[in-house]
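I opened the notebook to log what I looked up in this structure. Entries follow in the order I made them.

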Amino acid sequence: MSEKKMSSSRRYHLKSLILQIAASMLEQEAKDAVAEKEAYMAEHVPALELGGSQQELMELCKKLSQNIDQMDEERYDAEAKVLKADKEVKDLRIKVVDLVGKFKKPALKKVRMSADAMLQALLGSKHSVSMDLRANLKQVKKEKKEEEVVDAGDWRKNIEDKADRKKMFETS
C-alpha cells in the first residue's frame, strides 16, 4: 500500500497534457456545433430567392411568417419540456433529501447568564450598560387611606337630611 509520490515536474507535465486534450476537445465540440447548426438551417430554412414580382414576394413573406410561427411553437414546446424536467429534478432532489433524513436540531444547553453578561456579550465590552432595573425605579410610599365610618343610625334621619337638600335647590 505504499504509494510513491509523483514528482512536481511529472505532475505538472500530466496536468498540461490533460489541459491540452481538453482544449482540443472543446474546439472540436465548437466546430461540431457550428456544423450542426448549418446543417439544421440548410434543412429547415431554404435559401432566399428575392427575384420576381411583388406577388411572389408577398407569398414568400406569408410562407416565412408561417415558418416563424411553427418555429415559435416548437420553441415553446421545448421550453415547456425543459421546465417540466427541471421541476421533476427539483422534486426528486427534495425526495432524496427527505429519504436521507431530516436535520435534527441539537438540544440546546441551558446557560445561566445575568442580564448584564448578556448585554455585554451582545454589545461588546466597549458598552457598559447596567441592567439594575430596581436602581432606576422611584420609591413610592404607600399611604393608608382612612375611610370615615358612617354610623348607620336611623334611616329616617338620612331621608330628612336629603329632603332638606331638595328644599334648598327648590327655593333657589
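**Entry: negative patch.** I began with surface charge. Asp69, Glu73, Glu74 and Asp77 form a negative patch on the surface. The model is predicted, so I needed a confidence limit: local features are taken only at pLDDT of at least 70. I then placed one member of the patch, Asp69, and found this residue in helix H2, which covers residues 54-100. Is Asp69 buried or exposed? Neither label fits: Asp69 has 43% relative accessibility, and I logged this residue as partly exposed. The class runs between the cut-offs of 20% and 50%.

**Entry: salt bridges.** Next I searched for charge pairs. How many salt bridges does the whole structure hold? The search returned two.

I took Arg75 with Asp72 to start. Their side chains meet in a salt bridge at 3.7 Å, N to O. Both residues lie in helix H2, three residues apart, about one turn of the helix. I checked the accessibility of each partner. Arg75 has a relative accessible area of 48%, so I filed this residue as partly exposed. Asp72 has 36% and is also partly exposed.

Then I turned to Glu79 and Arg75. Their side chains form a salt bridge at 3.2 Å, N to O. This pair, too, lies in helix H2, four residues apart, about one turn of the helix. Glu79 is partly exposed, with a relative accessible area of 41%. Shared partners join Asp72, Arg75 and Glu79 into one salt-bridge network.

Why do such spacings suit pairing along a helix? An α-helix has 3.6 residues a turn, so residues three or four places apart point the same way. Side chains of opposite charge can pair when their charged atoms come close.

**Entry: whole chain.** I stepped back to the fold. I counted five helices and zero strands in the chain. Read from the N terminus, the elements run α-α-α-α-α. What share of the 172 residues is buried? The value is 0%. I also noted the exposed area of the chain, about 18700 Å². Carbon and sulfur atoms supply 58% of that area.

**Entry: nonpolar patch.** I looked for nonpolar side chains on the surface. Tyr40, Met41, Val45 and Met71 form a patch there, with about 330 Å² of accessible area together. I looked up the place of Val45: this residue sits in the loop between helix H1 (8-44) and H2. Val45 has 41% relative accessibility, so I entered this residue as partly exposed.

**Entry: length of H2.** I checked the helix against its expected span. At 1.5 Å a residue, the 47 residues of H2 should span 69 Å. The end C-alpha atoms of H2 are 68 Å apart, which agrees.

**Entry: after H2.** Last, I looked just past the end of the helix. Which residue takes a positive phi just after H2? I found Gly101 there, with a phi of about 135 degrees.

Definitions and conventions
Residues are numbered from 1 along each chain as its sequence is written. This is a predicted model: local features need pLDDT of at least 70, side-chain atom pairs count only at pLDDT 80 or more; totals for chains, interfaces and linings use all residues. Side-chain values use heavy atoms; hydrogens and water are left out. Patches are made of residues with over 30% relative accessible area and no salt bridge: like charges are joined within 9 Å, nonpolar side chains (Val, Leu, Ile, Met, Phe, Trp, Tyr) within 5 Å. Accessible areas come from the Shrake-Rupley method with a 1.4 Å probe; for residues, only the protein chains shown count as cover. A salt bridge is a side-chain nitrogen of Lys or Arg within 4 Å of a carboxyl oxygen of Asp or Glu. Lys and Arg count as positive and Asp and Glu as negative; His and the chain ends are not counted. The place of a charge is taken as NZ of Lys, CZ of Arg, CG of Asp or CD of Glu. Helices (H or I, at least four residues) and strands (E, at least two) are DSSP runs, numbered from the N terminus. Buried means under 20% relative accessible area, exposed over 50%, partly exposed in between (1.4 Å probe, protein chains only). The expected span of a helix is 1.5 Å times one less than its number of residues.
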